[in-house]
Amino acid sequence: MDDFCPDAKLGYLRSRTRFAPGEKLRLDEAYRLAHLPLIAPDHPDVIRSRPGATYRMGRHERIFSLVLPVPPDALEKSVAYRELELALRQSPFGSKIAWDLLARRRAKLHATICGSLSKDVPHHVSDVERAALRRLGPLRVELRGLFSGNVNVGRLYLRVYPECRNGANSLREIQRILGRPETDLYLVGLFNFLDHLDSMEAEALRDLIERWWDRPILTIDVVSLWLLGASDDLVLAAGVEDLIPLV
């Protein structure tokens, strides 16, 4: 049986949306600044820009990150994923999801491991770091759903559960190799809301998250990582700058 890190060693429970009974779910400021302008630019609650932030209608300078790619064909073939997508489409809030984004983003699905490595100029992964990553070898991760966080409220994710090797989180080992801060949240962004949810819709979302929390969606054998450059948080204007092998 595969040994994946449990919730107790990850940050998902700590970082999930807290649903208050009878309350609406409002898109938060982070979402209205970085996401909503890209999918509903005429929405009255769009934040076009903000002092001290680089976002201008959801776009920013090109940022390079090391990410774990998610194969779209395998995800779409997953019976559990198809059931989850159908449940979302048939939910009371289904019409408020930007379904057209799935096709626009399918070739760029990923979970970030090391974010914001560089701006404008692609980050250089050294020969020493590449050799250490190859020694680490291929990784196995499991995607589970569904997740709504306490930041970027309005986006729904799948959660990545990394392989646990000798009691250690394998994705943290990658972060150590690159000298980056160690984190405990690895999320695959999939679904985006076009508007706030009323109290009934928010309750339906809460119930759906609870029902799907422990459901495995897809197991992935990761043999390479991407150095991804993106000018927006939905990676609509993005490209893979480098392929970093783990073999």
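This is a short talk on the cysteines, the core, the salt bridges and the largest pocket of one structure.

Hi everyone, and thanks for coming. Before we start, please keep in mind that this is a predicted model.

Let's begin with the cysteines. How many disulfides are there? The count comes to zero. To see why, look at C5, whose closest cysteine sulfur belongs to C164 and sits 4.1 Å away, too far for a bond. A disulfide would need the two sulfur atoms within 2.5 Å. The view from the other side agrees: C164 is in no disulfide, and its nearest cysteine sulfur is that of C5. Are these two buried or exposed? C5 is buried, at 2% relative accessible area, and C164 also counts as buried, at 12%.

Now to the inside of the protein. In soluble globular proteins, nonpolar side chains tend to be buried together. Here the largest nonpolar core has 75 residues, and the members that touch the most others are L88, L146, F191, F193 and I217. Which helix gives the most to this core? That is helix α9, residues 199-212, with six residues. If you'd like one residue to click on, try I217. Leaving aside residues up to four places away in sequence, I217 touches a list of partners including L75, Y81, L84, L143, L158 and W212. The partners of I217 also include S78, R144 and G145.

Next, the charged side chains. A search of the whole structure finds 21 salt bridges, and I've picked a few to show you.

The first on my list joins E210 and R16, with N to O at 3.7 Å. E210 lies in helix α9, while R16 is in the loop between α1 (12-15) and α2 (29-34), so this pair ties together parts that are 194 residues apart in sequence. Both ends are partly exposed, E210 at 43% relative accessibility and R16 at 22%.

Another one pairs K119 with E61, at 3.5 Å from N to O. This salt bridge links distant parts of the chain, since K119 is in strand β2 (residues 110-119) and E61 is in strand β1 (residues 59-69), 58 residues apart. E61 is partly exposed, with a relative accessible area of 24%.

For a local example, take R104 and D100, where the closest N and O atoms are 3.3 Å apart. Both residues lie in helix α6 (residues 100-105), four residues apart, which is about one turn of the helix. R104 is partly exposed at 42%, and D100 is partly exposed at 46%.

Some of these charges work in a group, too: R172, E173, R176 and E182 are linked in a network of salt bridges.

Last stop, the empty space. Rolling a probe the size of a water molecule over the atoms shows where empty space is left. How much space lies in the largest pocket? About 1,000 Å³. Its lining is made up of 39 residues, and those nearest the centre are T112, N152, R155, Y157 and D233. Several elements each supply at least two lining residues: α2, β1, β2, β4 (155-162), β7 (187-192) and β9 (224-232). Which of them gives the most? That is β2, with six residues. You've met this strand already, as β2 is where K119 sits.

That's the tour. Thanks for listening, and do have a look around the model yourselves.

How values were computed
Residues are numbered from 1 along each chain as its sequence is written. This is a predicted model: local features need pLDDT of at least 70, side-chain atom pairs count only at pLDDT 80 or more; totals for chains, interfaces and linings use all residues. Side-chain values use heavy atoms; hydrogens and water are left out. Buried means under 20% relative accessible area, exposed over 50%, partly exposed in between (1.4 Å probe, protein chains only). A nonpolar core is a set of buried Ala, Val, Leu, Ile, Met, Phe, Trp, Tyr and Cys residues joined through side-chain atoms within 4.5 Å. Contact means heavy atoms within 4.5 Å. A salt bridge is a side-chain nitrogen of Lys or Arg within 4 Å of a carboxyl oxygen of Asp or Glu. On a 1 Å grid over the protein atoms alone, a cavity is a set of points where a 1.4 Å probe fits but cannot get out, and a pocket is an open set with protein on both sides within 12 Å along at least five of seven lines; lining residues have an atom within 4 Å of a point. Grid points are joined across faces, edges and corners, and a volume is the space filled by probe spheres set on the points.
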